[in-house]
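Me: I would like a close look at one helix in this model, and then an account of how the surrounding parts are put together. Please take the helix as the starting point and work outwards from there.

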Amino acid sequence: MQRPVRLLLVDDDSMVRTGLRLLFGGDSGCVVVGEAGDGDEAVTAVRAHWPDVVLMDIRMPRVDGVEATRRIRRLPHPPEVVMLTTFDVDELVVESIRNGACGFLLKDTPPREIMAAVRAAARGECAISGRMLRPIVDLVASTAEGSRRSQAIKRLDTLTDREREVAVGLGRGWSNAEIGAELGMGVSTVKGHVSRVLGKLLLNNRAQAAVLMHEAGLV
């Protein structure tokens, strides 16, 4: 049996943390190893518990989720970070992805989807609520200034033609299976290409790759 996903809960509202702890208490695939009330406490808790995934509120007093994500992702062997928000998509969401968050969920996301997103994040997959994906894409496209766009395009010069095709699939939010079906490749081959794309572009996850592709205007 695979070991359970080690999960850290971060939210300034203790009632929200209690609800999440109860939710994951009935999930044999996850175990809550710690909690924190703000971003500063979150970094300390990560160092103490070394979870696989951090489920974190984006807006908190003192140190918010954006800054906490940046600090956490700079640690050695950092956990994946999935952000929770009650608000519409804004620049904080995109900045969190740039800082290394691998997913976003609205707090009213159905419990089963929240649990599935945490398990997906532990596997290194993108975990973004379907209702948030399109607004995130639209915001990135609308705020990509000329300098940022030219820098994004220049970064893609390191990719081969095939890797660029895979990167476009990532930009469209496709799974490995969907990319393989479109490009006529097996899933294992796609996984290899995805790893090389992320490595060459110095990215942490698929969500960052998607943002970069939209900044470059190629999706």
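Reply: Helix α5 covers residues 111-122, and its twelve residues reach 17 Å from the first C-alpha to the last, close to the 16 Å expected at 1.5 Å a residue. The model is a predicted one, and what follows should be read with that in mind. Within α5, the buried residues are Ile114, Met115, Ala117, Val118, Ala120 and Ala121. An α-helix has 3.6 residues a turn, so residues three or four places apart point the same way. Just after α5 comes glycine 124, whose phi is positive, at about 85 degrees.

One of the buried residues of the helix, Ala121, leads on to a strand, since Ala121 is among the residues in contact with glutamate 80. Glutamate 80 lies in strand β4, which covers residues 80-85. With a relative accessible area of 16%, glutamate 80 counts as buried, because the cut-off for that class is under 20%. Apart from neighbours within four places in sequence, glutamate 80 is in contact with Asp52, Val53, Val54, Arg73, Cys102 and Asn205 as well as Ala121. Cys102, in this list, is itself buried, at 1% relative accessibility. Cysteine 30 also counts as buried, with a relative accessibility of 5%, and the structure holds zero disulfides.

Further along the strand, methionine 83 also has its place in β4, and methionine 83 is buried, with a relative accessible area of 0%. When residues up to four places away in sequence are not counted, methionine 83 touches Met56, Asp57, Ile58, Gly65, Val66 and Thr69, and also Ser96, Ala101, Gly103, Phe104 and Leu105. For one of these partners, isoleucine 58, the C-alpha atom is separated from that of methionine 83 by 5.9 Å, although the two residues are 25 apart along the chain.

Turning to the later helices, it helps to recall that two packed helices are described by the angle between their axes and the distance between the axes. The axes of helix α8 (residues 161-171) and helix α10 (residues 187-200) come within 9 Å and cross at roughly 90 degrees, which means that α8 is roughly perpendicular to α10. On the α8 side of this contact are Arg162, Glu163, Val166, Ala167 and Leu170, and these meet His193, Val194, Arg196, Val197 and Lys200 in α10. By character, the residues of the contact of α8 with α10 divide into five nonpolar, one polar and four charged.

Helix α8 also packs with helix α11 (residues 206-215), at an angle of about 100 degrees and with the axes 7 Å apart, so α8 is roughly perpendicular to α11. Here Ala167, Val168, Leu170 and Gly171 of α8 meet Arg206, Ala209, Ala210, Met213 and His214 of α11. The residues of the contact of α8 with α11 divide into six nonpolar, two polar and one charged. Ala167 and Leu170 of α8 take part in the contact with α10 and in the contact with α11.

As for the setting of these parts, the protein chain has eleven helices and six strands. Of the 219 residues in the protein chain, 48% are buried. Among contacts in the protein chain between residues at least 6 apart in sequence, 68% join residues at least 24 apart, and the pairing of methionine 83 with isoleucine 58, 25 residues apart along the chain, gives one instance of such a separation.

Terms used. Residues are numbered from 1 along each chain as its sequence is written. This is a predicted model: local features need pLDDT of at least 70, side-chain atom pairs count only at pLDDT 80 or more; totals for chains, interfaces and linings use all residues. Side-chain values use heavy atoms; hydrogens and water are left out. A disulfide is a pair of cysteine sulfur atoms within 2.5 Å. Buried means under 20% relative accessible area, exposed over 50%, partly exposed in between (1.4 Å probe, protein chains only). Helices (H or I, at least four residues) and strands (E, at least two) are DSSP runs, numbered from the N terminus. The expected span of a helix is 1.5 Å times one less than its number of residues. Axes are lines fitted to C-alpha atoms, for helices over the stretch in contact, and angles run from 0 to 180 degrees between N-to-C directions. Angles under 35 degrees count as roughly parallel, over 145 as roughly antiparallel, 65 to 115 as roughly perpendicular and the rest as oblique. Contact means heavy atoms within 4.5 Å. Ala, Val, Leu, Ile, Met, Phe, Trp, Tyr, Cys and Pro count as nonpolar, Asp, Glu, Lys and Arg as charged, and the others, Gly among them, as polar.
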